[in-house]
Amino acid sequence: MRVDVVSIFPEYFAPLGLSLLGKARAESRLELAVHDLRTWTHDVHRTVDDTPYGGGAGMVMRPEPWGEALDALADGRTRLVVPAPTGRLFTQDLAHELAAEEHLLFACGRYEGIDQRVLDHAAGRMPVTEVSLGDYVLFGGEVAVLVMLEAITRLLPGVLGNSASLDEESHANGLLEAPMYTKPAVWRELEVPEILRSGDHGKIARWRRDQALLRTAARRPDLVAALDPATLDKKDRAT
Ligand code: SAM
């Protein structure tokens, strides 16, 4: 997958060389380039913002540098992703959808966001998706892109050593994951549940499923309500 990111703070993306994301890049599973929006300015101050039409607080990102950036970086395979608190909520399903794309172009807004005409014009030549991380407001789109890129990259083929982890983790099947434990078996008088030490894989799987159901019901009843009843067995219903 190819990813281009445009921002006025390219330094924000230094961590993308670390850990499994850095490894995915080193192994060419992810081809990533970060661009400074100011490359596409032409005045001495390298201006990217101006006052809003209609008045109001703050500044808005001017359309010209964004238009030139998209002209330079987009092609027939591009999907433009614009972080915005007004966008579609970022979920594991959307991460899967984006992980299936050939080329993602992320446009990081700052100030009060990007002039709407940039998105309207781009929508005439490529799919455009505004994406929100949640119901709160950040300073800029950079952190949102870091979050999205982590979630997307771990779904790319070959990135996780054991791809089974993707099937068992939270949000893979509409549930939150059961609690996890490691050694020692007793720590500060707290014991790992006996069943996890029993070696009985059938019982362990059932226990984990029950714990996932109970935890999801307690913490995220909205997820339980959204479960497809056809995916529940008799024991699930009893839990
Ligand atoms: N004036 C905008 C509004 O009220 O909808 C908020 C602009 S915010 C200060 C600046 C930039 O941060 C946005 O253009 C967007 O790129 C990013 N941003 C802020 N909150 C976000 C969120 N919840 N999800 C994704 N991106 C966000």
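1. The ligand shell. Of the 19 residues around the ligand in this predicted model, those that come nearest are Pro83, Gly109, Gly113, Leu138 and Gly141. By character, the shell comprises ten nonpolar, seven polar and two charged residues. The element that gives the most to this shell is strand β5, residues 78-89, with four residues.

2. The annotated binding site. An unreviewed UniProt entry lists Gly109, Leu133, Gly134, Asp135, Tyr136, Val137 and Leu138 under "binding site". Gly109 and Leu138 of that record are also among the residues that come nearest to the ligand in the model. The annotation may be inferred rather than shown by experiment.

3. Leucine 133 and glycine 134. Leucine 133 is situated in the loop between β7 (128-132) and α5, and glycine 134 lies in the loop between β7 and α5 as well. How exposed is leucine 133? Leucine 133 is partly exposed, since 18 other C-beta atoms lie within 10 Å. Glycine 134 has 11 C-beta neighbours inside 10 Å and therefore counts as exposed. Leaving aside residues up to four places away in sequence, leucine 133 touches Phe90, Ala144 and Val147.

4. Domain arrangement. The protein chain is divided into domain 1, residues 2-153, and domain 2, residues 169-238. The centres of the two domains, taken over C-alpha atoms, are separated by 37 Å. The unreviewed UniProt entry assigns residues 1-224 to "domain: tRNA methyltransferase TRMD/TRM10-type". Over residues 1-224 the chain is 33% helix and 19% strand, and 33 Å lie between the end C-alpha atoms. The reader should note that the bounds of domain 1 and domain 2 and the range in the UniProt record are separate assignments.

5. Helix α2. Which residues of helix α2 (residues 63-73) are buried? They are Pro65, Trp66, Ala69 and Leu70. Viewed down the axis of α2, these buried residues fall within an arc of 130 degrees, and so they line one face of the helix. An α-helix has 3.6 residues a turn, so residues three or four places apart point the same way. The face of α2 turned away from the buried side carries the exposed residues Asp71 and Ala72.

6. Packing of helix α2. The buried residues of α2 pack against four strands and a helix: β1 (2-7), β2 (31-36), β4 (60-61) and β6 (103-107), together with α4 (116-122).

7. Leucine 156. This residue is found in the loop between α5 and α6. Leucine 156 counts as partly exposed because 14 C-beta neighbours lie inside 10 Å. Not counting residues up to four places away in sequence, leucine 156 touches Met1, Ala24, Arg29, Leu30 and Ala99. Leucine 156 and glutamate 194 are 38 residues apart in sequence, and their C-alpha atoms are 36 Å apart in space.

8. Asparagine 162. The loop between α5 (142-153) and α6 (164-168) also contains asparagine 162. Is asparagine 162 buried or exposed? Asparagine 162 is exposed, with 7 other C-beta atoms within 10 Å; a residue is exposed if that number is 12 or fewer. From C-alpha to C-alpha, asparagine 162 and arginine 197 are 22 Å apart, with a sequence separation of 35 residues.

9. Backbone at tyrosine 111. Although tyrosine 111 is not a glycine, its phi is positive, at about 55 degrees. Tyrosine 111 is placed in the loop between β6 and α4. With 16 other C-beta atoms within 10 Å, tyrosine 111 is partly exposed.

10. Backbone at histidine 171. A positive phi also occurs at histidine 171, a residue other than glycine, where the value is near 75 degrees. Histidine 171 lies in the loop between α6 and β8. Histidine 171 is partly exposed, with 15 other C-beta atoms within 10 Å.

11. The cis peptide bond. Which residues does a cis peptide bond join? The bond joins lysine 183 and proline 184, with omega at about 5 degrees. Proline 184 belongs to the loop between α6 and β8 (186-187), and histidine 171 lies in the loop between α6 and β8 too.

Definitions and conventions:
Residues numbered from 1 in each chain as written. Predicted model: local features only at pLDDT ≥ 70, side-chain atom pairs only at ≥ 80, totals over all residues. Domains from an automatic or database assignment. Helix = DSSP H or I, 4+ residues; strand = E, 2+ residues; numbered from the N terminus. Near = placed C-beta within 6 Å. Nonpolar A, V, L, I, M, F, W, Y, C, P; charged D, E, K, R; others polar. Buried ≥ 20, exposed ≤ 12 C-beta atoms within 10 Å, placed from the backbone. Arc of directions from axis to C-beta. Contact = placed C-beta atoms within 7 Å.
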